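Visitor: I am new to this structure and would like a close look at a single part of it. Please take the buried polar and charged side chains, and the residues around them.

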Amino acid sequence: MVLAERALILNATYEPLSIVSARRAMVLVLRSKAVTVASSHDVWKSIDQEFAVPSVVRLRNYVKVPYHRRVPLTRTAVFARDHHRCQYCRSPAESLDHVVPKSRGGGHTWENVVACCRRCNIRKGSRLPEQAGLKLTRTPVTPSYQGWLYAALSKSRDPQWGPYLNGSAS
């Protein structure tokens with residue numbers, strides 16, 4: 001059994017709620033708290049039964065989410081938001097860059113941090129993009145209310161999740 005597998009948890013209304021281990025998703029299904037919407041190709045076996053490993057599960061009862069989650073500003077989340085591309089030249093990103101350098105009063109905020117390739121990061125240094133002859137391909141923004149997915153998703157995700165994410169973190 002590989003425990004590194006993950007599953008997308010949907011509310012009863014098919015709204016994404018969380019990403020959990022496949023083991024946790026299996027427990028929800030076995031306790032009749034959720035139903036399997038999509039399964040991976042893996043199978044877990046017990047002595048007398050086989051279980052398809054869930055990839056997407058939907059809760060049977062609606063869960064009210066009382067607040068919008070705040071998205072933590074992490075390297076993984078910024079790379080996911082920026083699609084692992086340098087925000088100056090669109091080549092594969094390798095590092096983070098503060099658009100307004102911290103040495104010039106720039107904060108460590110969603111609106112000031114972008115994914116960047118090494119070449120552009122060295123070229124920019126501690127200058128503003130305009131001073132280094134660089135231009136952002138798009139303005140960095142704080143992720144939407146479902147932006148918590150950025151923090152949970154890595155470079156690759158289960159393709160079966162796509163229809164349920166509504167482009168929130170794709």
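Guide: What follows starts with the chain as a whole and then goes to the part you asked for.

The model is a predicted one. Its chain has five helices and six strands, and along the sequence these come in the order β-β-α-β-β-α-β-β-α-α-α. Of the 170 residues in the chain, 39% are buried. The chain exposes about 9,900 Å², and carbon and sulfur atoms supply 52% of that area. Among contacts between residues at least 6 apart in sequence, 57% join residues at least 24 apart.

Aspartate 97 is a place to begin. This residue lies in strand β5, and it counts as buried because its relative accessibility is 4%. Its side chain has two polar partners to describe. One is the side chain of tyrosine 88, joined to that of aspartate 97 by a polar contact of 2.6 Å. The other is the side chain of lysine 124, at 3.4 Å. With lysine 124 the meeting is also a salt bridge, 3.4 Å from N to O. That pair links distant parts of the chain, since lysine 124 sits in helix α3 and aspartate 97 in strand β5, 27 residues apart. Both lysine 124 and aspartate 97 are buried. Leaving aside neighbours within four places in sequence, aspartate 97 is in contact with Tyr88, Asn112, Val113, Val114, Cys116, Asn121 and Lys124.

Glutamine 87 comes next. It is found in the loop between α2 (75–81) and β5 (95–98), and with a relative accessibility of 1% it counts as buried. Its side chain reaches the backbone oxygen of aspartate 82 at 3.4 Å. The side chain of glutamine 87 also makes a polar contact with the side chain of arginine 138, at 3.4 Å. Apart from neighbours within four places in sequence, glutamine 87 is in contact with Asp82, Val114, Ala115, Lys135, Leu136, Thr137 and Arg138. Val114 is on this list, and it is on the list for aspartate 97 too.

Aspartate 82 leads on to a further charged pair. It forms a salt bridge with arginine 81, with the closest N and O atoms 2.9 Å apart. Aspartate 82 and arginine 81 are both buried. The structure holds four salt bridges. The pair of lysine 124 and aspartate 97 is one of them. Salt bridges that share partners join Arg81, Asp82 and Arg138 into one network. Glutamine 87 has a polar contact with the side chain of arginine 138, and its side chain reaches the backbone oxygen of aspartate 82.

Is the salt bridge between glutamate 50 and lysine 45 made of buried or exposed residues? Glutamate 50 counts as exposed, at 56% relative accessibility, and lysine 45 is exposed as well, at 62%. The closest N and O atoms of this pair are 3.9 Å apart.

Proline 140 has contacts in the area just described. It is placed in the loop between α3 (118–124) and α4 (148–152), and its relative accessible area of 7% makes it buried. Not counting residues up to four places away in sequence, proline 140 touches Arg81, Val99, Trp110, Glu111, Val113 and Val114. Arg81, on that list, is the salt-bridge partner of aspartate 82. Proline 140 and valine 99 are 41 residues apart in sequence, yet their C-alpha atoms are 9.2 Å apart in space.

The cysteines remain. A disulfide is a covalent bond between the sulfur atoms of two cysteines. How many disulfides does a search of the whole structure find? It finds zero disulfides. The sulfur of cysteine 86 has its closest cysteine sulfur, that of cysteine 89, 3.8 Å away, which is too far for a bond. Cysteine 116 is in no disulfide either, and its nearest cysteine sulfur, that of cysteine 86, is 4.2 Å away. Cysteine 86 counts as buried, at 0% relative accessibility, and cysteine 116 counts as buried at 0% too. Cys116 is also one of the residues in contact with aspartate 97, where this description began.

Conventions. Residues numbered from 1 in each chain as written. Predicted model: local features only at pLDDT ≥ 70, side-chain atom pairs only at ≥ 80, totals over all residues. Heavy atoms only, no water. Helix = DSSP H or I, 4+ residues; strand = E, 2+ residues; numbered from the N terminus. Buried < 20%, exposed > 50% of the residue type's maximum accessible area, 1.4 Å probe, protein only. Contact = heavy atoms within 4.5 Å. Areas by Shrake-Rupley, 256 points an atom, 1.4 Å probe, with all protein chains shown as cover. Disulfide = S-S within 2.5 Å. Polar contact = N/O pair within 3.5 Å; in protein donor to acceptor, adjacent residues only side chain to side chain. Salt bridge = Lys/Arg side-chain N within 4 Å of Asp/Glu carboxyl O.
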